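Please follow this structure from its surface inwards and then on to the ligand, keeping the sequence and the coordinates side by side as you read.

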Amino acid sequence: MKTRFWHGFADMHVVAEHEIVMVSGDGAILTDANGREYIDATAALWFCNVGYGRREIADAVAEQLATLNAYSSFGAYTTDASIKIADRLASLAPKALEDPVVFLGSGGSDAIDTAAKLARRYWDVMDRPEKRVIVSREHSYHGMHVMGTALVGIPAMKSGYGAPFVGDVAQVPAMDVEAVARLFEERGSEIAAFVGEPVIGAGGVIPPTDGYWPAISRLCREHDVLLVADEVITGFGRMGEMFGTTRFGIEPDMITFAKGVTSGYVPLGGVLVGKRVRTPFWDDPVPGAVFRHGYTYQGHSGAAAAAMANLDIIEREDLVGRVRRLEPILDASVRRLAAVPSVGEIRTIGLTAAVAIKPEVLAADPTTPDKVVAAALRHGVASRVLRGHAIHISPPFVITEAQIDAMVDGIGNAIEDVAGATVPA
Ligand SMILES: Cc1ncc(COP(=O)(O)O)c(C=O)c1O
């Protein structure tokens, strides 16, 4: 019997009868419906940072749901759980945000919608309604709501829908400061915000070039453009700091987050809104300055409880420090694959990496990365393809050094199976 579950980003003609069904997890290990075990090379979709099987989070959520599952957060209503998680997130936020407030939702895509709408609304209440354009970068990924689809820098993800869903968007090359300077010179008076991931994630793990983010931060200030750091992947430790913003010298006005805030135990996302954007809505009495936006489940009590328990674990087990210690270990292990003939560029930063397949191998067979992922499963490693060219690595922070080597060996052996190369010891 074919599944009725429509998978994301999947050709259901193929997948409907070939689902890979996971049933349980423990640490960095997953077990499928046939009882086979895999090292989770990707922390699912970059989210399961504290690892699987954390009863402490499940218990915290159960207790909260039995007390008060959720309530409205429209108008003056809210819950104590929402207030507590907002305080905690604000206390962890980078100093650049200056005493931020938090607008919660249920994931990264709605966080991007919130940030984009808030940027436009901010300029509206500041009496500059002509500032409407949101700028994103090539190779970027900001989720798949309508705003994210308009901003995405991976062409395949926006083709097939006709004209852009949202007008007033612009795109620049990924690491080109000059291109941003030119765009701001020409159209700065129309630009509301620049949105960027500290490290491009789904587009292929592309770290920023030296000085890129300080230069972009300066340009945004000079041209009155709000800067939104999309930390949906990098937030809560994956870069060895609580936020990638501090590692790369970004001075954002807003930070979007999701994934690692709960390690995916319950969906949660949101926007940390810094002082500049907050001020006309909270502090200065600008007449009519209300942000008419909200979600039924913003600040959901169960999600807030999951985030609290998840952050407790990250702090108690110093998992951010663990990422710092594992970063060079992952880097050294993955770079062993450089000697494999069909492996092209290897990019690593924090506890994440991409192993690109050489362009000539891809030209001969564009399905090579998919075949590598299928072969990796046979070697006990669950991974996936990034932007059609690279194998994705971003394990849970609790992965052991031995598991890192086993994961890299599994991927290397999979490449050997598919592309006939030998993995060096
Ligand atoms: C940088 C970035 N922003 C936004 C999103 C969208 O998050 P979600 O899938 O939770 O809506 C993602 C998801 O991978 C992401 O990587």
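Asp127 counts as exposed because its relative accessible area is 67%, above the 50% that the term requires. In this predicted model, Asp127 belongs to the loop that runs between α5 (108-125) and β5 (133-137), and its backbone has a positive phi of about 65° although the residue is not a glycine.

A positive phi in a residue other than glycine is also found at Phe236, where the angle is near 70°. Phe236 sits in the loop between β8 (226-230) and α9 (244-247), but its surroundings are described by another term, since a relative accessibility of 0% makes Phe236 buried. The two loop residues can therefore be read side by side, with Asp127 exposed and Phe236 buried.

Between these two classes comes Tyr71, which is placed in the loop between α3 (55-67) and α4 (80-92). Its relative accessible area is 46%, so Tyr71 is partly exposed, a term that covers values between the 20% limit for buried residues and the 50% limit for exposed ones. Together with Leu68 and Tyr77, Tyr71 forms a nonpolar patch on the surface, and the accessible area of these residues together is about 320 Å².

A buried position within a strand is offered by His392, which is part of β15 (residues 390-393) and has a relative accessible area of 0%, so that it falls in the buried class. Measuring from C-alpha to C-alpha, His392 is 9.7 Å from Ala382 in space, while ten residues separate the two in sequence.

Which residues surround the ligand? The shell is made up of Gly107, Gly108, Ser109, Tyr141, His142, Gly143, Glu197, Asp230, Val232, Ile233 and Lys259, and when these residues are sorted by class, three are nonpolar, five are polar and three are charged. Several members of this shell place polar atoms beside ligand oxygen atoms: a polar backbone atom of Gly108 is 2.9 Å from one ligand oxygen atom, whereas Ser109 contributes a polar side-chain atom that lies 2.6 Å from an oxygen atom of the ligand. From Lys259, too, a polar side-chain atom lies 2.9 Å from an oxygen atom of the ligand. As for the cover that the protein provides, the ligand taken alone exposes 400 Å², of which the protein buries 83%.

Technical notes:
Residues numbered from 1 in each chain as written. Predicted model: local features only at pLDDT ≥ 70, side-chain atom pairs only at ≥ 80, totals over all residues. Heavy atoms only, no water. Near = heavy atom within 4 Å. Polar contact = N/O pair within 3.5 Å; in protein donor to acceptor, adjacent residues only side chain to side chain. Areas by Shrake-Rupley, 256 points an atom, 1.4 Å probe, with all protein chains shown as cover. Nonpolar A, V, L, I, M, F, W, Y, C, P; charged D, E, K, R; others polar. Patch = residues over 30% accessible without salt bridge, like charges linked within 9 Å, V, L, I, M, F, W, Y side chains within 5 Å. Salt bridge = Lys/Arg side-chain N within 4 Å of Asp/Glu carboxyl O. Helix = DSSP H or I, 4+ residues; strand = E, 2+ residues; numbered from the N terminus. Buried < 20%, exposed > 50% of the residue type's maximum accessible area, 1.4 Å probe, protein only.
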